[in-house]
Amino acid sequence: MNSTPTHLERPTTNNEPFIVFDHIEKAFFGVKVLKGVSFGVGVGRIVGLVGENGAGKSTLMNLLGGNLQPDAGELRVNDQHYAPRHSNDARNAGIAFVHQELNLFPNLSIAENLYLTDFPRIRPAGTSGRADARRSGLPWINRRALRAQSVELLRQVGLDLSPDTLVERLPAGERQLVEIAKALGANARALILDEPTTSLSSPECERLFILATQLRDRGIAIIYISHALGDVLRLCNDLVVLRDGEMVGGGPTQDFTHDRLVSLMVGRQLNQLYPERRSPARPEPNETENVPGRKPALQVERVSQPGIVRDISFSLAAGEVLGLSGLMGAGRSELARILFGLDPCASGEIRLNGENLTGAPRRRIQRGLAFLTEDRRQEGLCLEASIADNMALVTLPSNSRSPVRFLDYTRINSAVKRMREAVKLSPKAADTQAVRTLSGGNQQKVVLGKWLLAKPKVLILDEPTRGIDVGAKSEIYRLIYQLADRGAGVLVISSELEELVGLCDRILVMRHGEISGEFRRDSFDREKILAAALHFLKK
Amino acid sequence: MSAPNSRPLLRLLDFAPGALFAVVLLVFGLMSDKFLTTDNFTQILVQSSSTAVVAVGMTFVLVTAGVDLSVGAIMFCGAGLAGKMALGGQPLSLCLLVMIGVGLLGGAVNALLVTRFKLAAFIATLATLYIGRGMGRWITQTRAMNLPDSFLALGSAKWSGVPLPLWIAGGVILVAQLVLSNTPFGRQLYALGNNPAAANKAGLPTTRLLAEVYLICGACAGLGGILALSQLGSVSPKFGEHYEFDAITAAVLGGTSLFGGRGKVFPGTVLGAVLLKSIFNGLVIVQADPYLYPLITSAIIFLAVVLDSLRRVAEARLNARQIYAAPGQI
Amino acid sequence: MSNLVGSDLFVLFLCGITFAAFAPFTPIFVTPANLANILIGCLPLLLLATGQTLVLITGGIDLSVTAIIGLSSVVGALVMGGDQGWLQGSPIAMPVAMASMLATGALVGLFNGACIAWLRMPAFMVTLTTTMFFSGLSVWLAKKVVNSESIYNLPPAFLAFGTHAWLALLMAVIATLLAHLLLARTLLGRWLYAVGHNPRTSLISGVPVGGVTVGAYVFSGVFAALASILLTAQLETGSPNHGKTLLLDVIGAAVIGGTSLFGGKGKVLWTVYGVLFLSLLGNGLNLLNVSDFLITIVKGAVILVAALLDVWRTKFVRGP
């Protein structure tokens, strides 16, 4: 089997494509996220959309849903030009989304959620009772019709529940089915299922597959996005593989195997810029572990929080760059938050330089821990505050003099100035400028600078290069190496496997709240790492 | 996935108002035999009718996670205007219509400030509270007005043995309850209060919905003013004072959340209003120190808001996403 | 135009306009005696608004300040004055009374802050409730102990805050200066801004968000108590009713001065301008014999305008 990309312009069946992506391009801040993707989704077909995080799947779906608009290329639905600007447009075109974050209102009943925007109403006596005249009528809900229609929709998705049940009482699997029922109720002709099985139990998954097949047989076009390759191979008729915004594989499912999918997803090229690896003279961090008396920077022992992470144990050596790989929803960010003290930890121990780490984030920062979060806009920055204010935030206490804690502005300003140069922050931006106005890369540099000023012993980075341009990325890698060379331990959480492979000394893989694999640099195998993220590594 | 273990505890909170009511009946009933009589209870119901009506309007606003602090001032303006008209010889029905009209106008101003100018509800209605009170005092020239007997006649009239105010209040409560639970508009309000962003995404006309609830609240304030006038027969400079507080207390006591998305008119808010008045009635009967009244009311509302806040925190924790299914969970 | 509105000096500009507007209609307005009157009269408002500024910067609001005035006034008077004052006649009456007044303000502020920071109750609701409670408490206390809503016979040393204008001015200036220093030059000040900008980022960056929030409300309470000292001395009675009409002025002054209701933005100096504006406005209207209720309407309108300005500034007048 060769791995040259094939284009799925017209599926190899008689079915007409309901949705067509035609040479779709999209860029953010000059970074191309979609580089000319073309494929079609046929009526009565399930198309599996596969690719790593960051391959472009969510952007593609956002374009379909009207949240974004393409820079080039065309979307067609039912053979007509389709350019949605709001979720209503997608809905009117018959396209329904079932996201991981469900759009249900838990304080309302199933029936009310299903028909929230078009309740069946009581019609004044004498008017005909046609099903499509739903919107007309008195402003009074026809409860009987509501119940009957809801039961019917629920039956179609295989749910045998009272439609008056409040959604807040339903487990995730059933809520998802309700969301699908909602789509059917809106006469959807295409259904997009985005990572539908992450929160489902085994029987719930089976139920979903049966339903998907039934819906397909009824003529609904389905896009099935999932990392569970086994499920994808089982369920879908056609597959599309995305990597780095390009379609690198596509065609009927029988043309693909699990291994071929993994190798397509992962690719072989290095298309990032990594600073020069450490000179051979510098000892590998693994060696320091054998030096008696040298404690690892961070030690995590059997950390568990029911429902979140299970039995996590690892250690991070001083000077080591440790990567944490895995799929979204595997629990990596959650683990980081537990390590930092933002979320509780039911059992287990965390030790920084040999001593137990407990208490609020503030205490842990004082001990030398630092945490660059995944969401820099909501949790890493005060968007309306200045660059200087943001950068100085963590280290303010050490720049203040007791007893009244007067701030030494000279010291703060010079520290900020030095750090600006160190992170190569755009010199055009004034110190007093609000960080909201900066580009993503510069914003991230501000956050990183903030933590670097604290001279941390252990730095945890969650998706440090997400959404920033290549130039800023390589800057950040350089800073990470600099920090590690000075003796700090760095934990990098990333969904870009290439990034971790290029950057780290060692990579841990998480799946479903547990550590599922560990790889040393000399035996980095992209396919094995991805496989560990997808399912447990079978020896 | 969710942890069902804590849900029963949250369910218990729903019974809190009923339980509190039972406690109040018990305590005051034991302390005085004048409390648990039909006459006394009819009086409680009649006295609480105006608060109940205003609280019903407040419930609509609270369900959308808003608030209207100006209801008392709106009542005052309406009453002042109506009083002047009545003393000037205008027919009773016209005066009553004017009161409702003033209510709608006040609601419209609030709606405009909140939806069009995007002011926070509490600051917008705080401002209209003061402006309204000022206007009311201007209309009444800060003097008490004794209204013609036709107003008091409203209050003491009876249909089939039941006082007229109870009929009116009952009608309002019935209509409100039906609207909230049986109309598309009503159900959409709950969705809006629960998650405004999702409501927008789902295609709900959120601006229109928000504007309408403030109009409703204003109209209810006007109606409440009618009921209050029918019992007092006069408009003093303090008319309508504290009604916003009592209305919020009644609603929150009855299970409506300040954070939006939950609340029932019946039994909820109505029970809260009656509960509030019963407590006062009981305090009067046992001849408690009147200077303790504001202390007691504020303690009650404080407790209700604490429970509301704690419930919200607990619910957020329950609905947090799980990574894997721990044993014992769904 | 938007540059003017967005600038710090906008309110000063408003003051100038007010001055110019009133002067021709009431010549008394511009006399030194009247101006001195305005100055001394605005001191309680200044203290209240300064305390409120800190709370607003953290993104909260304290509606209970007038109740704190009443409660601490009664507490102080009960300690040092009346016929049955606890320390009536004693030389330490005044300092102990003043200390207890400040303590009252601090304790109420502590209660407010704790409910908001740790019980996660909405700020406006908590402070509305505590207003009712502590206002009622002060009336009850006064009635219970001295059977009247006014407590007289305060020690002359204390009354000096009322009779000797320079003393009141000194106290207010020192307090305001301290607040300014706190905000502009100390760690706590920067933490207050950070919490107002983004509490989540602040928590992750090591700011003790709960403690800072509580601190802001304690501060507001203490400054309300300071205002109470001035008012009690000026009016020569301890009473639960002092300052009842000031609530709207407090918020109006802070917000129109430029402190944002959304948090993260505010300065003591701006509040000073705002207080000046509102005092000029109030005094001028008074001199014109405008009726009380019209003044209330005007003040309500000022709050509205201030809030609208705040929204406008937040959305449109932004840096490069």
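Me: Before I look at any sheet, when do two strands pair?

Reply: Two strands pair if DSSP finds at least two bridges between them. Strands themselves are DSSP runs of E, at least two residues long, and helices are runs of H or I of at least four, numbered from the N terminus. This is a predicted model, where local features need pLDDT of at least 70, side-chain atom pairs count only at pLDDT 80 or more, and totals for chains, interfaces and linings use all residues. Residues are numbered from 1 along each chain as its sequence is written, while chains are lettered from A and ligands numbered from 1 in the order in which they are written.

Me: OK, in what order do the four strands of the open sheet in chain A run?

Reply: The order is 12-11-14-15, with antiparallel pairing. Strand 12 (309-316) and strand 15 (355-356) of chain A have a single partner strand each, so they are the edges and one side of each lacks a neighbour in the sheet. Strand 11 (residues 298-305) of chain A is joined to strand 12 of chain A by five bridges, and Q305(A) sits opposite V309(A) in strand 12 of chain A.

Me: Which helix lies across strand 11, strand 12 and strand 14 of chain A?

Reply: Look for helix 10 (residues 332-340) of chain A, which runs at about 70° to strand 12 of chain A. Axes are lines fitted to C-alpha atoms, for helices over the stretch in contact, and angles run from 0 to 180 degrees between N-to-C directions.

Me: How do I read the two faces of a strand?

Reply: In a regular strand the side chains alternate between the two faces of the sheet. Take strand 9 (residues 238-243) of chain A: D238(A), V240(A) and L242(A) point one way, and L239(A), V241(A) and R243(A) point the other. Six of the six residues of strand 9 of chain A are buried. Buried means 20 or more other C-beta atoms within 10 Å of the residue's own, exposed means 12 or fewer, and partly exposed is in between, with C-beta atoms placed from the backbone.

Me: Which strand joins strand 9 of chain A in a hairpin?

Reply: Strand 10 of chain A does, with two residues between the strands, and D244(A) in the turn has a positive phi of about 55°. Strand 9 and strand 10 (residues 246-252) of chain A pair in the antiparallel sense over six bridges, with L242(A) opposite M247(A). Strand 3 of chain A is parallel to strand 9 of chain A and joined to it by five bridges; there, G51(A) stands opposite L242(A).

Me: Why does V50(A) count as buried?

Reply: Because it has 27 C-beta neighbours inside 10 Å. V50(A) belongs to strand 3 (residues 46-51) of chain A. Residues are in contact if their C-beta atoms, placed from the backbone, lie within 7 Å. Leaving aside neighbours within four places in sequence, the contacts of V50(A) include L229(A), L239(A) and M265(A). V50(A) and S226(A) are 176 residues apart in sequence and 6.3 Å apart in space, C-alpha to C-alpha.

Me: And which residues touch the most other members of the largest nonpolar core?

Reply: In soluble globular proteins, nonpolar side chains tend to be buried together. A nonpolar core is a set of buried Ala, Val, Leu, Ile, Met, Phe, Trp, Tyr and Cys residues joined through C-beta atoms within 7 Å. Here the largest has 376 residues, and L191(A), Y224(A) and V490(A) touch the most other members. Helix 12 (residues 209-235) of chain C gives this core its largest share, 17 residues.

Definitions and conventions. Contact = placed C-beta atoms within 7 Å.
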